[in-house]
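Here's a quick look at a few spots worth pulling up in your viewer. Have the structure open as you read.

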Amino acid sequence: MIGPEQCCACHREVCEDTANKRYVHAPVREKQCALCHIATIGADRTPVAKKEESKVRWLPGSYPRQGMEYWFSIPPALAGKKIILQADGQGKKTLRLEVQLPNFQEAEQLAAVTKPPEITELNVEEVKQGVFLTARVTWKTDRVTDSTVLYGENEATRKNIVDPWLSKDHEMLLTDLQPRKTYTFSVASRDIFGNQKVSPLKTFSTHAFFSKPSIEKTKTTEKVTVSGKYFRVDNRFFARFVTNQPTSMRLGTLDGPMHASSKDSGLQSGKLPSEHLPLVDPRFLNTGVCLTCHPQTKGVLSHPVDVQPKRGMIIDSREYKILGDGRLTCMTCHVAHASDNEARVVKSDKKRLCLGCHKNFG
Ligand code: HEC
Ligand code: HEC
Ligand code: HEC
Ligand code: HEC
Ligand code: HEC
């Protein structure tokens, strides 16, 4: 196998530049170059997997979340067709299956319920200063519902956030908070029949920060197994998948190219010599590989990545690196190897970092 000395022999500028900086990212300091860059090293990124990946079009909203029971609202047009199910279990065990969906009429008709769902165990788990000042609110419901939180300092500034994801375990991250304030909030859950329950108003304060210790989940080395069931409610079609261990699950179809292939990403433009070890896909290098060691930055707990700017936001690509299709990555804000500021962000002044894109931030 090609050693790190060999990477540095050819990429001398990179290694020299790294040596001159105050804060060197740990895996770079340890010269684990191949771990991040080379496609054939490490799990789940063999060229074969990459080829399949490039053909799967993940269903909107089905970004990976931890759970053992998943409800997906499936476009009825997919009834009777084959879909791809991917569940990433513990210990890097990944299950990828082709699932034959039943025809619409074969799915079990769910009898309508008119009672609103029950909301229990409503808690503020955490008020924390990370990249943002955030509060994490959790609750449970007796059946799967979406999640809504209404919060603010007062009636006038109250803000509504909705997560359409169907679950019995709800977790919402409240952003846009100011220090030393008291906020009121209520949560709401709507089930698939349209029944909604709203919780009473509660309060939390940002005078002090706290977080509840997360419960260590028991790890399993078992293979991931999944069982599926299909339901219909009026003209809507649902799939429920239950796993034997917590996984992150996504569904997709095989019918189209994904948004970012290495060709259109524009991030790796240099001509690679033919004897060079194969490089990982830029999308993986700039976000996916980071999540393998920093899983806590996934999803709602960090700034959104793998999203395109909404209308009205212009990202200056000379200042911020984005993928060819406009998506943000971890590297939009972070410098890859080493830097003179501790968090290795592209602008050491955090406010300037944010204002470069969010022109109207206070
Ligand atoms: C024999 C010399 C040689 C060796 C050894 C070598 N590379 Fe390269 N590498 C190149 C050349 C030439 C290019 C293409 C030109 C460029 O972009 O710098 C390249 C391109 C790259 C790129 C893409 C650069 C870009 O601009 O996007 C990365 C990343 C990379 N190599 C990483 C590695 C890693 C990691 C190793 C060690 C496992 C390694 N290389 C070993 C010569 C080499
Ligand atoms: C933690 C993951 C990680 C490690 C470890 C790592 N890199 Fe990188 N590297 C990146 C990322 C991310 C980029 C930025 C990609 C981009 O902007 O296109 C990058 C960019 C590069 C580039 C192209 C851009 C440039 O700066 O010239 C080269 C060449 C490179 N790395 C070589 C190396 C070498 C050599 C090592 C080992 C000393 C190494 N990398 C270690 C993540 C890593
Ligand atoms: C092989 C594991 C590994 C990978 C892959 C990895 N990191 Fe790290 N990272 C670490 C370790 C270890 C530390 C230092 C210990 C800590 O604070 O957790 C660290 C620290 C950091 C820090 C804090 C500042 C610093 O340099 O210490 C940032 C920011 C960071 N990583 C971003 C990234 C990004 C962005 C990527 C993807 C390009 C990435 N990491 C990929 C292991 C990894
Ligand atoms: C919009 C900019 C932005 C994006 C995108 C971003 N970060 Fe950060 N990140 C920051 C800033 C700013 C800090 C420093 C936080 C502080 O100083 O409190 C930080 C801190 C970190 C840290 C160290 C502190 C910690 O919470 O452990 C890690 C690790 C990290 N980021 C990883 C990532 C990874 C991995 C991604 C991609 C999934 C990512 N970041 C995407 C801006 C960003
Ligand atoms: C490179 C451009 C860019 C930078 C830099 C950037 N953001 Fe963002 N930010 C985005 C995009 C794109 C989104 C998601 C789409 C949208 O809301 O327009 C977003 C969303 C957000 C959200 C809404 C989060 C949510 O879950 O809805 C907050 C809050 C935010 N950014 C704060 C920050 C802060 C604080 C910083 C500085 C640490 C920062 N941003 C830096 C581009 C950026």
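## Ligand 2 and its polar partners

A polar contact here is a pair of N or O atoms within 3.5 Å. Keep in mind that this is a predicted model. By that cut-off, His337 makes a polar contact with ligand 2, because an N or O atom in the His337 side chain sits 2.9 Å from a nitrogen atom of the ligand.

His37 does something along those lines too: a polar atom of the His37 side chain is 2.8 Å from a nitrogen atom of ligand 2. With Lys321, the partner is an oxygen atom of ligand 2, and the side chain's polar atom lies 2.6 Å from that oxygen.

## Who lines the shell

Ligand 2 has 19 residues around it, and the nearest are Cys33, Cys36, His37, Lys321 and His337. Sorted by character, the shell holds eleven nonpolar residues, six polar and two charged.

As for helices, α2 (12–19), α3 (26–29), α4 (33–37) and α7 each chip in at least two residues. The top contributor is α4, with three.

## The iron in ligand 4

Which protein residue is the donor to the iron atom of ligand 4? That's His334, through NE2 at 2.0 Å, and the protein offers no other donor. As for its place in the fold, His334 is in the loop that runs between α7 (282–293) and β16 (338–339).

## Arg96 on β5

Arg96 belongs to strand β5 (residues 94–100). Its relative accessibility is 27%, so Arg96 is classed as partly exposed. The Arg96 side chain makes a polar contact with the Gln86 side chain at 2.7 Å. Ile84 is twelve residues away from Arg96 in sequence, with a C-alpha to C-alpha distance of 7.0 Å.

Key
Residues numbered from 1 in each chain as written. Chains lettered and ligands numbered in written order. Predicted model: local features only at pLDDT ≥ 70, side-chain atom pairs only at ≥ 80, totals over all residues. Heavy atoms only, no water. Helix = DSSP H or I, 4+ residues; strand = E, 2+ residues; numbered from the N terminus. Buried < 20%, exposed > 50% of the residue type's maximum accessible area, 1.4 Å probe, protein only. Polar contact = N/O pair within 3.5 Å; in protein donor to acceptor, adjacent residues only side chain to side chain. Donors = N, O, S within 2.8 Å, 3.2 Å for Na, K, Ca; no water. Near = heavy atom within 4 Å. Nonpolar A, V, L, I, M, F, W, Y, C, P; charged D, E, K, R; others polar.
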